[in-house]
Amino acid sequence: MVEYTLGLFYALLGAAIAQGMGGISAGWGVAASGVPGAGVVTEDPRKFGPVMVLDAIPQTQGVYGFICAFMILLGTGILGTIQPISTELGLAALGAGIVVGLTSITAIPQGIICGAGMVAIAKKPEVLGQSIVLAVMAETFAIIGLLTAILIFVGIGFI
C-alpha cells in the first residue's frame, strides 16, 4: 500500500513548481528572441543557423526545471516504489523546486538579450560569439539555482 504523506505532497509540489516555472520562463524567453529572429531570417535566410543557436539558449532553464523535477521524483520513489517522505524532507524538496523555479525566470531577460544578439548578427555576423557570451551571463544564475537544488538533494539524501 502506498503511503501518501504531507511530505510527499510538498515534494511533488516542488517538482511541479520547478518544471512549471522552468517551462513557462523558457517559453517566454524563446518568444522574446524568436520575434526579432524571424525578422532577421526574413531579411537573410542564410542567417537561420546563428539565429537558431541564439533562440535555443533560453530553453535551458526549462531543462533545469525538468532535471530538478526528475530528481525529486527519483528521491520520493514516485518513479518506482514510493517511499514515506517526512514533512521536513518534503519541505526541503519544495524549497529546491522553488529555487529552480524562481531562478528559471532568467530565461526571459536572456531571451531579450538573445533577440538583441540576433539583430546584431543581422548587421555583423561575426559578433555571434560575443552575443552568446552576453546571453550566457544571464544563465549563470539559473545554473547556480540548479546547483543549489542539487546540494539540497544531496543533503537530504535524495541523490
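Which helix holds Gln61? Gln61 sits in helix 3. The legends below describe a predicted model.

**Figure 1. Overview of the chain, an assembly of six helices and zero strands.** Along the sequence the pattern reads α-α-α-α-α-α. The C-alpha trace spans about 60 × 25 × 20 Å along its principal axes. Of the 159 residues in the chain, 39% are buried. The accessible surface comes to about 8,000 Å². Carbon and sulfur atoms account for 76% of that surface. Contacts were also sorted by separation in sequence, taking residues at least 6 apart. Of these contacts, 87% join residues at least 24 apart.

**Figure 2. Close-up of Gln61, a buried residue of helix 3.** The relative accessible area of Gln61 is 0%. That value is under the 20% limit, so Gln61 counts as buried. The side chain of Gln61 makes a polar contact with the side chain of Gln110. The contact distance is 3.1 Å. Gln110 also appears in the list of residues in contact with Gln61, which leaves aside neighbours within four places in sequence. The other entries are Gly22, Ser104, Thr106, Ala107, Glu139 and Ala142.

**Figure 3. Close-up of the Phe66 and Phe70 ring pair in helix 3.** Helix 3 covers residues 60-76. Phe66 and Phe70 are four residues apart in this helix, about one turn. Their ring centres lie 6.0 Å apart. Their planes meet at 25°, so the pair is stacked. The cut-off for stacking is under 30 degrees. Both residues are partly exposed: Phe66 has 49% relative accessibility, and Phe70 has 36%.

**Figure 4. Close-up of a nonpolar surface patch that includes Phe66 and Phe70.** Val63, Ile67, Leu74 and Leu79 are also members of the patch. Together the patch residues have about 530 Å² of accessible area. Phe70, at 36% relative accessible area, is partly exposed. Patch members need over 30%, so Phe70 passes that accessibility limit.

**Figure 5. Close-up of Phe9 and Tyr10, a tilted aromatic pair.** A search of the whole structure finds three aromatic pairs. In one of them, the ring centres of Phe9 and Tyr10 are 5.9 Å apart. The ring planes stand at 55°, so the pair is classed as tilted. Phe9 is partly exposed, with a relative accessible area of 48%.

**Figure 6. Close-up of the salt bridges around Asp44.** Side chains of opposite charge can pair when their charged atoms come close. How many salt bridges does the whole structure contain? The search finds two. One joins Arg46 to Asp44, with the closest N and O atoms 3.0 Å apart. Arg46 counts as exposed, at 73% relative accessibility. Is Asp44 buried or exposed? Asp44 is buried, with a relative accessible area of 14%. Asp44 also forms a salt bridge with Lys47. There too the closest N and O atoms are 3.0 Å apart. Through shared partners, Asp44, Arg46 and Lys47 form one network. Lys47 has 13% relative accessibility and counts as buried. The network therefore joins an exposed Arg46 with a buried Asp44 and a buried Lys47.

Definitions and conventions:
Residues are numbered from 1 along each chain as its sequence is written. This is a predicted model: local features need pLDDT of at least 70, side-chain atom pairs count only at pLDDT 80 or more; totals for chains, interfaces and linings use all residues. Side-chain values use heavy atoms; hydrogens and water are left out. Patches are made of residues with over 30% relative accessible area and no salt bridge: like charges are joined within 9 Å, nonpolar side chains (Val, Leu, Ile, Met, Phe, Trp, Tyr) within 5 Å. Accessible areas come from the Shrake-Rupley method with a 1.4 Å probe; for residues, only the protein chains shown count as cover. A salt bridge is a side-chain nitrogen of Lys or Arg within 4 Å of a carboxyl oxygen of Asp or Glu. Helices (H or I, at least four residues) and strands (E, at least two) are DSSP runs, numbered from the N terminus. Buried means under 20% relative accessible area, exposed over 50%, partly exposed in between (1.4 Å probe, protein chains only). Rings of Phe, Tyr and Trp (its six-membered ring) pair if their centres lie within 6.5 Å; planes under 30 degrees apart count as stacked, over 60 as edge-to-face and the rest as tilted. A polar contact is a pair of N or O atoms within 3.5 Å; within protein, one must be able to donate a hydrogen and the other to accept it, and residues adjacent in sequence count only if both atoms are side-chain atoms. Contact means heavy atoms within 4.5 Å.
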